[in-house]
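Me: Please take a close look at a single part of this structure, one turn of the chain, and explain it step by step. After that, carry on into the other parts in one connected account.

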Amino acid sequence: MPTRSLRRFLLLAVGLYLVWFFGYEQWLRQDNRLDTFLSVNIAQVSTAALQLFGFPAALAADNPQLLLIEQKMAVFVGNPCNGLVLYVLFAGFVLAYPGPVRRKLWFIPAGILAIYLLNVVRVAALALNHYYARQSVDFNHHYTFTFVVYGCIFLLWMLWARRLAVSEEPEAVIS
């Protein structure tokens, strides 16, 4: 990345961070509705996925963020685990990195959807992990799934930077 592009990337990244800080940290987070909506949604979809594969999963009647297996607590989807920060981190990188706007318009939603689905699988897998091998849940939650999720986001970023951010226009040949 040439110096000018690097400077542009860093300025955009700092600008997007400031928008995030003032927009989310100072306003939306205090309201809590967006985080709660995402947490409940992840719990609901993870529960439905487990049910689809024949597992006796349900949500707690008094807490829609709590996933149960055989009516026993399995996973609580807390607001830090709802994926919002990951969506913003992914989108911020793609927005700040140079590349065709038309490709950004489809790649950002596609990437967020991929991260969302990965998070659903993560929550369902943690519920099964709790059901079958409770002793390893803490390790898998904090290390295994963190590595897997951030690794997938990194691969999406690499796909963007190496394949999709490339200009559509052929470079001029100087002779």
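**A turn and what lies beyond it**

Reply: Q71 counts as exposed, because its relative accessibility is 61% and the cut-off for exposed is over 50%. The model is a predicted one, and every value here is computed from it. Q71 sits in the loop that links strand 2 and strand 3. E70 belongs to the loop between strand 2 and strand 3 as well. At 41% relative accessibility, however, E70 counts as partly exposed, since that class lies between under 20% for buried and over 50% for exposed.

Next comes the backbone of the loop. Most residues other than glycine have a negative phi. Phi of Q71 is near 60 degrees, a positive value in a residue that is not glycine. E70, also a residue other than glycine, has a positive phi near 55 degrees. The hairpin of strand 2 and strand 3 has two residues between the strands, and E70 with its positive phi is found there.

What do the strands on either side of the loop look like? Strand 2 covers residues 63-69 and strand 3 covers residues 72-76; they run antiparallel and are joined by four bridges. One bridge joins I69 to K72 of strand 3. Elsewhere in the pairing, L66 faces F76 of strand 3.

The hairpin is part of a sheet. This sheet is open, has three strands in the order 1-2-3, and pairs them in antiparallel fashion. Strand 1 (57-60) and strand 3 are its edge strands, each pairing on one side only. From one strand to the next, the twist averages 45 degrees.

How is the sheet placed along the chain? The protein comes to five helices and three strands. Read from the N terminus, the order of elements is α-α-β-β-β-α-α-α. Of the 175 residues, 36% count as buried. The C-alpha atoms fill a box of roughly 70 × 35 × 25 Å along the principal axes.

Helix 3 can be checked for its length. It has 13 residues, 84-96. The expected span is 1.5 Å times one less than the number of residues, so helix 3 should span 18 Å, and the 18 Å between its end C-alpha atoms agrees with that. Several residues of helix 3 are buried, among them L84, Y87, F90 and F93.

F93 leads to the aromatic residues. A pair of aromatic rings is described by the distance of the centres and the angle of the planes. Two rings pair if their centres lie within 6.5 Å, and by this rule there are nine aromatic pairs. In one of them, the centres of the F93 and Y97 rings are 5.4 Å apart and the planes make an angle of 25 degrees, so the pair is stacked; the cut-off for stacked is under 30 degrees. F93 and Y97 are both buried. They also belong to one aromatic cluster with F9 and W157.

What remains is the packing of helices. Two packed helices are described by the angle between their axes and the distance between the axes. Helix 4 (residues 101-132) and helix 5 (residues 137-164) have axes that come within 11 Å and cross at roughly 165 degrees. Helix 4 is therefore roughly antiparallel to helix 5, because angles over 145 degrees fall in that class. Their crossing is right-handed.

Helix 4 also packs against helix 2 (residues 33-52). The axes of helix 2 and helix 4 come within 9 Å, with a crossing angle of roughly 65 degrees. This makes helix 2 roughly perpendicular to helix 4, since that class runs from 65 to 115 degrees. The crossing of helix 2 and helix 4 is right-handed.

One residue of helix 4 can be taken as an example: V123. Is V123 buried or exposed? With a relative accessible area of 2%, V123 is buried, because the cut-off is under 20%. F145 is 22 residues away from V123 along the chain, and their C-alpha atoms are separated by 9.5 Å.

To return to the turn: E70 and Q71 each have a positive phi, with E70 partly exposed and Q71 exposed.

Note on methods:
Residues are numbered from 1 along each chain as its sequence is written. This is a predicted model: local features need pLDDT of at least 70, side-chain atom pairs count only at pLDDT 80 or more; totals for chains, interfaces and linings use all residues. Side-chain values use heavy atoms; hydrogens and water are left out. Rings of Phe, Tyr and Trp (its six-membered ring) pair if their centres lie within 6.5 Å; planes under 30 degrees apart count as stacked, over 60 as edge-to-face and the rest as tilted. Buried means under 20% relative accessible area, exposed over 50%, partly exposed in between (1.4 Å probe, protein chains only). Two strands pair if DSSP finds at least two bridges between them. Axes are lines fitted to C-alpha atoms, for helices over the stretch in contact, and angles run from 0 to 180 degrees between N-to-C directions. Angles under 35 degrees count as roughly parallel, over 145 as roughly antiparallel, 65 to 115 as roughly perpendicular and the rest as oblique. A crossing is left-handed if the near helix is turned anticlockwise from the far one by less than a right angle, and right-handed if clockwise.
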